[in-house]
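Student: Could you take me through one part of this model up close? I'd like to start from a single residue and work outwards to whatever surrounds it.

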Amino acid sequence: MNNKLIILYILFFYINYNVFAQNKKTADSLWSIWSNTSIHDTMRLNAIDELAWQYQIFKNDSAIHFADIEIKFALNKKLQKWQAKGLLIKGLQIIESPNLKNKENALDFLNQSILIREELKDTTGIAANPP
């Protein structure tokens with residue numbers, strides 16, 4: 001019985017380590033794309049957006065950090081679609097995070113995202129926002 005339990009523990013930690021290592025590789029790759037200013041803005045925004053989504057499961061604060069980067073960059077470049085995407089991620093992460101206060105701010109971010117998407121007539125993007 002003890003041997004089976006030990007094998008289960010080893011297997012569990014091995015799988016978790018491999019998942020973490022794969023996620024780390026993906027995150028490093030996405031960060032590398034984002035950091036390369038010679039790459040087109042759309043590709044860079046795709047990378048930072050995906051990075052924020054990657055971190056939503058493990059680190060809410062990091063997901064919010066990457067969403068903030070996306071929002072700021074999109075505002076500077078006047079790319080409203082990407083601003084709305086960043087606001088969506090930030091709002092969802094604030095709702096999901098057990099450690100963050102000011103949960104009512106999450107609704108503000110989500111509403112801003114919806115308003116931008118309505119202005120752009122982006123019905124697919126509106127559907128991505130929670131009710």
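Tutor: Let's start with aspartate 49, which sits in helix 2. Keep in mind that this is a predicted model. Is aspartate 49 buried or exposed? Its relative accessibility is 9%, and since anything under 20% is called buried, aspartate 49 counts as buried. So what does this acidic side chain's residue touch? Setting aside residues up to four places away in sequence, aspartate 49 is in contact with Glu70, Trp82, Lys85 and Ile89. Take Lys85 from that list: it is 36 residues from aspartate 49 along the chain, yet their C-alpha atoms are separated by 7.5 Å.

Now zoom out to the helices around that spot. Helix 2 packs against helix 3 with the axes 7 Å apart and an angle of about 160°. Since an angle over 145 degrees is classed that way, helix 2 is roughly antiparallel to helix 3. The crossing of these two helices is left-handed. Aspartate 49 is part of this contact: on the helix 2 side you'll find Asp41, Arg44, Leu45, Ile48, Asp49, Leu51, Ala52 and Tyr55. Facing them from helix 3 are Asn60, Ser62, Ala63, Phe66, Ala67, Ile69, Glu70, Phe73 and Lys77.

Next door in the list of pairs is helix 3 with helix 4. Here the axes come within 8 Å and cross at roughly 160°, so these two are roughly antiparallel to each other as well. Helix 3 passes helix 4 in a left-handed crossing. Helix 3 contributes residues including Asn60, Ala63, Ala67 and Glu70 to this contact, while helix 4 brings in, among them, Trp82, Lys85 and Ile89. Those three helix 4 residues are ones you've already met as contacts of aspartate 49.

There's a charged residue worth a look in helix 4 too, namely lysine 90. With a relative accessible area of 14%, lysine 90 is buried. Leaving out neighbours within four places in sequence, lysine 90 touches Ile64, Ala67, Asp68, Ile71 and Phe109.

What about the nonpolar side of things? In soluble globular proteins, nonpolar side chains tend to be buried together. Here the largest nonpolar core has 14 residues, and Trp34, Leu45, Ile48, Leu51 and Phe66 touch the most other members. Helix 1 (2-35), helix 2 (41-55), helix 3 (60-77) and helix 4 (80-96) each give two or more residues to this core. Helix 2 supplies the largest share, five residues. For a feel of one member, take leucine 51: beyond its neighbours within four places in sequence, leucine 51 is in contact with Ala27, Leu30, Trp31 and Phe66. Another core, of eight residues, lies apart from that one and includes Ile64, Ala84, Leu87 and Ala106. Ile64 is also one of the contacts of lysine 90.

To place all this in the whole chain: there are six helices and zero strands. Of the 131 residues, 32% count as buried, and aspartate 49 and lysine 90 are both buried. Among contacts with a separation of 6 or more, 44% join residues 24 or more positions apart. The accessible surface of the chain is about 8,900 Å², and 60% of that belongs to carbon and sulfur atoms.

Notes:
Residues numbered from 1 in each chain as written. Predicted model: local features only at pLDDT ≥ 70, side-chain atom pairs only at ≥ 80, totals over all residues. Heavy atoms only, no water. Helix = DSSP H or I, 4+ residues; strand = E, 2+ residues; numbered from the N terminus. Buried < 20%, exposed > 50% of the residue type's maximum accessible area, 1.4 Å probe, protein only. Contact = heavy atoms within 4.5 Å. Areas by Shrake-Rupley, 256 points an atom, 1.4 Å probe, with all protein chains shown as cover. Core = buried A, V, L, I, M, F, W, Y, C linked by side-chain atoms within 4.5 Å. Axes fitted to C-alpha atoms, helices over the stretch in contact; angles between N-to-C directions. Parallel < 35°, antiparallel > 145°, perpendicular 65-115°, else oblique. Left-handed = near helix turned anticlockwise from the far one by under 90°.
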